[in-house]
Amino acid sequence: MATRGKRFLARFAAFATAAVLTMSTLACGAPKQDNETTSIDTDKVSESSAAAKSKIMIFTPSDGISISSHTPLNKWAKLVPEITKSLDEAGFNSKNIKVKTDGNLVKQSEDVQDYVVNQLSSQSSQTYHHTTLIIAPAISGNKGNEQYGDYVTNPVDAQNYDTENNDGQDKASSTADAGSSSTTSSQNSDQQQNKTDSDEATAMEKLAKAMKLAQKAGAHTIILSNPIQDFNPDLFVSMSTPRQIGALQARQLVSKLALAKTTKVHPKSIEIMMPVSEDDSTCKTTERFSSEAFAGIWSVLGPYFKDGQAVSPSKILTSASSENDWRSVSFKASKTAEIKSELNTRLTGSSKDGKPVHVDGIIAMNGFVSSAVIDELGDLKYTGSAADINPEIEVSGIVGTLTGKHNLNRQAPPKPRDSKQNVSGTETETQTNSTESLAWPIVTGYGAYADMMPEIVNGKQWMTGMEDIQHLSGDIAVATAAMVSGKTLTDLSYVKTLSINDTKVATIHRKPMAISAGNLKHLLIEPGYISLADAGL
């Protein structure tokens with residue numbers, strides 16, 4: 001694509017510029033710098049030569065079958081082609097790049113073992129040194145976490161969740177004695193979960209052994225998204241964590257609502273919708289996901305609630321709340337109806353007459369939840385759009401911008417409205433609350449659902465988020481070329497170190513992209529993630 005092509009052209013241009021400057025110096029009679037020129041040329045030739053004769057094997061989970069566009073763009077089906085294209089542009093032969101997908105970790109571990117034993121063991125040591133295994137562990141997910149996308153980096157140490165977070169019990173625990181049928185169902189669910197955990201644990205051990213064997217022989221190893229227990233790869237590619245997903249949306253809310261300028265007299269009303277799925281009471285990984293996501297949100301919003309600048313319309317969160325209170329805002333969200341019912345209760349339950357109350361912002365966590373939130377806000381007769389609250393963008397200008405006609409009309413966010421100091425001098429606080437009570441709130445999400453793009457264009461959803469797929473793919477390709485040519489990864493500016501299994505591992509990580517109407521064209525349409533038609537244009 002254009003953006004990616006420019007990125008690699010820029011790298012070649014840098015080398016070309018260096019060569020021209022060297023030639024100019026020689027023409028002026030300066031001493032010949034053979035070492036510098038030779039170093040640049042040899043470096044490039046060595047890297048290209050190594051890449052051209054290298055083999056790449058990519059193992060990823062299979063994408064679930066989607067019958068609609070109501071799924072995140074954060075899918076393996078989007079990332080893997082980008083990685084292979086970037087590898088091709090970095091000098092790797094496309095014929096030597098193979099991809100294998102598996103539906104579960106058990107099958108994936110078998111396929112990796114077969115490849116290492118049958119394909120690599122019969123090759124020479126030189127072939128090993130020019131082979132790279134790129135693996136995204138096919139760990140089991142659940143319906144809740146999958147709504148964020150395929151490659152969220154799950155929290156580590158999930159097995160220690162109970163000892164680290166023993167401050168409360170899941171809401172379902174209060175109904176554990178409701179009847180024998182529910183008890184039996186819970187027992188069956190526990191047994192199924194235990195079997196899945198056992199199978200995955202065994203498969204993870206086999207996968208780690210196969211990877212260690214390949215690494216010992218000299219092959220290079222790259223792990224995507226989630227670590228493999230007891231195995232340290234040459235490179236780990238970290239994706240968005242639950243904490244980052246929560247913090248990203250909270251920061252966008254703080255900026256859009258200008259919370260820093262908000263007073264205790266006129267606080268902003270914010271609801272946090274933390275979705276969980278039916279199996280969360282038995283799956284420690286998903287419990288940790290929710291708690292970590294809320295911790296990310298609270299690290300940003302917590303101080304505002306504590307100071308009284310932010311309040312909860314439902315009164316679920318207070319100034320005394322902490323990051324340990326994630327269960328108080330969690331709810332079962334396997335179906336759209338469950339999400340709408342939860343929001344309805346929160347926005348109408350605290351009012352004496354059962355009518356909706358004013359709300360400034362709603363953190364919906366992902367596109368599945370934000371879609372239902374938008375529907376329910378419409379049913380409750382909220383009106384307007386995100387541009388009506390501290391407008392940074394006029395929605396009327398978005399369509400023209402996306403189609404290339406003109407720039408967005410930006411203006412500074414106004415100061416928080418104070419009924420005692422209004423422009424006319426006649427508006428009362430009662431009148432202000434009346435006119436603003438059903439104004440459309442800021443709605444955030446994550447996953448960049450294709451069918452939700454028109455809602456971002458029309459201002460019903462303020463923002464969404466997703467991985468920086470193209471830049472991540474380019475980073476992986478350049479790092480792979482560096483490894484097969486014998487270079488040190490830490491020489492690359494974007495490669496950092498992360499502690500995995502108590503060992504420092506070279507790591508690539510890019511912050512998730514925050515996407516709104518103002519940058520939708522630049523971040524999604526121009527790179528080719530979505531079309532103008534997907535955006536409702």
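**Figure 1. Close-up of helix H4, in which Leu 105, Gln 108, Ser 109, Asp 111, Val 112, Tyr 115, Val 116 and Leu 120 are buried (under 20% relative accessible area; over 50% is exposed and in between is partly exposed, with a 1.4 Å probe and protein chains only).** These residues cover an arc of only 165° around the axis, which places them on the same side of H4; the arc is taken from the directions between the helix axis and the C-beta atoms. The model is predicted: local features need pLDDT of at least 70 and side-chain atom pairs count only at pLDDT 80 or more, while totals for chains, interfaces and linings use all residues. Residues are numbered from 1 along each chain as its sequence is written, and side-chain values use heavy atoms, with hydrogens and water left out. Helices (H or I, at least four residues) and strands (E, at least two) are DSSP runs, numbered from the N terminus. H4 comprises 16 residues, 105–120, and reaches 21 Å from its first C-alpha to its last, close to the 22 Å expected at 1.5 Å a residue; the expected span is 1.5 Å times one less than the number of residues. At the N-terminal end, Asn 104 caps H4 through a side-chain oxygen that lies 3.2 Å from the backbone nitrogen of Val 106. A polar contact is a pair of N or O atoms within 3.5 Å; within protein, one must be able to donate a hydrogen and the other to accept it, and residues adjacent in sequence count only if both atoms are side-chain atoms.

**Figure 2. Helix H3 and the glycine that follows it.** The buried residues of H3 are Trp 76, Leu 79, Val 80, Glu 82, Ile 83, Ser 86 and Leu 87. Viewed down the axis, they fall within an arc of 165°, so they line one face of the helix. The 14 residues of H3, 76–89, should span 20 Å at 1.5 Å a residue, and the end C-alpha atoms are indeed 20 Å apart. Gly 91, which comes after H3, has a positive phi near 110°.

**Figure 3. An open sheet of seven strands with mixed pairing.** The strand order is E2-E1-E3-E4-E5-E14-E13. E2 (97–102) and E13 (495–500) are the edge strands, each pairing on one side only. Two strands pair if DSSP finds at least two bridges between them. On average, neighbouring strands of this sheet are turned by 25° against each other, direction ignored. Helix H16 (residues 469–484) packs on the sheet and touches E1 (55–61), E3, E4, E5 (235–238) and E14 (503–509). The direction of H16 makes about 165° with that of E4; axes are lines fitted to C-alpha atoms, for helices over the stretch in contact, and angles run from 0 to 180 degrees between N-to-C directions. Contact means heavy atoms within 4.5 Å.

**Figure 4. Parallel pairing from E3 to E14 through E4 and E5.** Strand E3 (residues 131–135) and strand E4 (residues 220–224) pair in the parallel sense over four bridges. Ile 134 has Ile 222 of E4 as its bridge partner, and Ile 222 in turn stands opposite Leu 235 in E5. E4 and E5 run parallel and are joined by three bridges. Three bridges also link E5 to E14, again in parallel, and Val 237 is partnered there by Ile 508. Leu 235 and Val 237 point one way from E5, Phe 236 and Ser 238 the other way, and all are buried. In the loop between E4 and E5 lies Asp 230, which has a positive phi of about 65° although it is not a glycine. Asp 230 is partly exposed, with a relative accessible area of 48%.

**Figure 5. The surroundings of Arg 346 in helix H11 (residues 336–348).** Arg 346 is buried, its relative accessible area being 2%. A polar atom of its side chain lies 2.8 Å from the backbone oxygen of Val 329. Beyond neighbours within four places in sequence, Arg 346 is in contact with Glu 271, Ile 272, Met 273, Pro 313, Ser 314, Ile 316, Val 329, Ser 330 and Phe 331.

**Figure 6. The surroundings of Ser 269 in strand E6 (residues 268–272).** Ser 269 counts as buried at 11% relative accessibility. Apart from neighbours within four places in sequence, Ser 269 is in contact with Val 311, Pro 313, His 358, Val 359, Asp 360 and Gly 361.

**Figure 7. Met 365 in the loop between strand E10 (361–363) and helix H12 (367–379).** Although Met 365 is not a glycine, it has a positive phi of about 75°. Met 365 is buried, with a relative accessible area of 0%.
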